Amino acid sequence: GFGRTGAMFAAQRLGVRADMITCAKGLTNGAVPMGAVLLGPAIVDAFMQGPPAEIDLFHGYTYSGHPVACAAALAAIGIYEREGLPQRAASLAPVIADAAHALRGLPGVVDIRNFGLIAAVELADEPGRAPTRAFEVFRRCFEHGLLVRATGNVIALSPPLIVTEPELAAMFTTLAAAIRATP
């Protein structure tokens, strides 16, 4: 969500009318904790049956609607809109796709996946061992100033929405070198 797929939410990008979307981190740009559940009319209508409700979907959590979190969310959403960050992600999607798929054929690479400004590089399992190849790639990338995520034997990439084309090129050059250096 929040622009990474080229729209504010992946459902929009995929043309899906979601009944429910849960969101959190991107809502405030990670500045302060806040989460939300966005509901379609059918879900809201189902909850609103029965006696008249004073407050829609009242749930009473202690920190619900905290003013600092709400202010951070409004500021973050304003920046997403003013700076056109979803559109920026959409324009960079082909760049990250080309760079990610250029890794195909490197030693140990078994699959490449991407969507919007997200990519994943799956590495081959090592017989008789827990997945460690991705962690070694992670470590080599980190030593060269690139932070990636290792999940099992998958390297997950989700650069910031303000990333530039030269930064993406540098990122994938570093990743390719780390993959080549990992047995």
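The dialogue below looks at the sheet, an aromatic pair and the largest pocket of a predicted model.

Trainee: How many strands are in the open sheet, and in which order do they lie?

Mentor: As a general idea, strands of a sheet pair through backbone hydrogen bonds, either parallel or antiparallel. In this predicted model, the open sheet has 4 strands in the order β3-β4-β6-β5, and their pairing is antiparallel. The edge strands, each of which pairs on one side only, are β3 (109-115) and β5 (149-151). From one strand to the next, the twist averages 20°.

Trainee: How many bridges join β3 to β4, and which residue in β4 is the bridge partner of I112?

Mentor: Between β3 and β4 there are 6 bridges, and I112 has V121 in β4 as its bridge partner. The hairpin of these two strands has 2 residues between them, and G116 in that hairpin takes a positive phi near 60°. Following the sheet onward, β4 and β6 pair over 4 bridges, with I155 in β6 as the bridge partner of V121. Next, 3 bridges join β5 to β6, where I155 is also the bridge partner of A150.

Trainee: Which strands does helix α4 touch where it packs on the sheet?

Mentor: Helix α4 (residues 85-101) touches β3 and β4 (118-123), and its direction makes about 180° with that of β3. Helix α6 packs on the sheet as well, touching β3, β4 and β6, with a direction at about 170° to that of β6.

Trainee: How many aromatic pairs are there, and which kind do F138 and F142 form?

Mentor: A pair of aromatic rings is described by the distance of the centres and the angle of the planes. Here the count comes to 4 aromatic pairs. One of them joins F138 and F142, whose rings lie 6.2 Å centre to centre with 20° between the planes, and the pair is stacked. Planes under 30 degrees apart count as stacked, which is why the angle leads to that label. Both residues lie in helix α5 (residues 133-143), 4 residues apart, or about one turn of the helix.

Trainee: Which residues lie nearest the centre of the largest pocket, and how much space lies in that pocket?

Mentor: Rolling a probe the size of a water molecule over the atoms shows where empty space is left. In the largest pocket, that space is about 800 Å³. Its lining has 30 residues, with R4, S158, P159, P160 and L161 nearest the centre. Two or more lining residues come from each of α3 (67-82), β6 (154-157) and α6 (165-180), and α3 gives the largest share, 5 residues. By type, the lining divides into 20 nonpolar, 6 polar and 4 charged residues.

Definitions and conventions
Residues are numbered from 1 along each chain as its sequence is written. This is a predicted model: local features need pLDDT of at least 70, side-chain atom pairs count only at pLDDT 80 or more; totals for chains, interfaces and linings use all residues. Side-chain values use heavy atoms; hydrogens and water are left out. On a 1 Å grid over the protein atoms alone, a cavity is a set of points where a 1.4 Å probe fits but cannot get out, and a pocket is an open set with protein on both sides within 12 Å along at least five of seven lines; lining residues have an atom within 4 Å of a point. Grid points are joined across faces, edges and corners, and a volume is the space filled by probe spheres set on the points. Ala, Val, Leu, Ile, Met, Phe, Trp, Tyr, Cys and Pro count as nonpolar, Asp, Glu, Lys and Arg as charged, and the others, Gly among them, as polar. Two strands pair if DSSP finds at least two bridges between them. Axes are lines fitted to C-alpha atoms, for helices over the stretch in contact, and angles run from 0 to 180 degrees between N-to-C directions. Contact means heavy atoms within 4.5 Å. Rings of Phe, Tyr and Trp (its six-membered ring) pair if their centres lie within 6.5 Å; planes under 30 degrees apart count as stacked, over 60 as edge-to-face and the rest as tilted.
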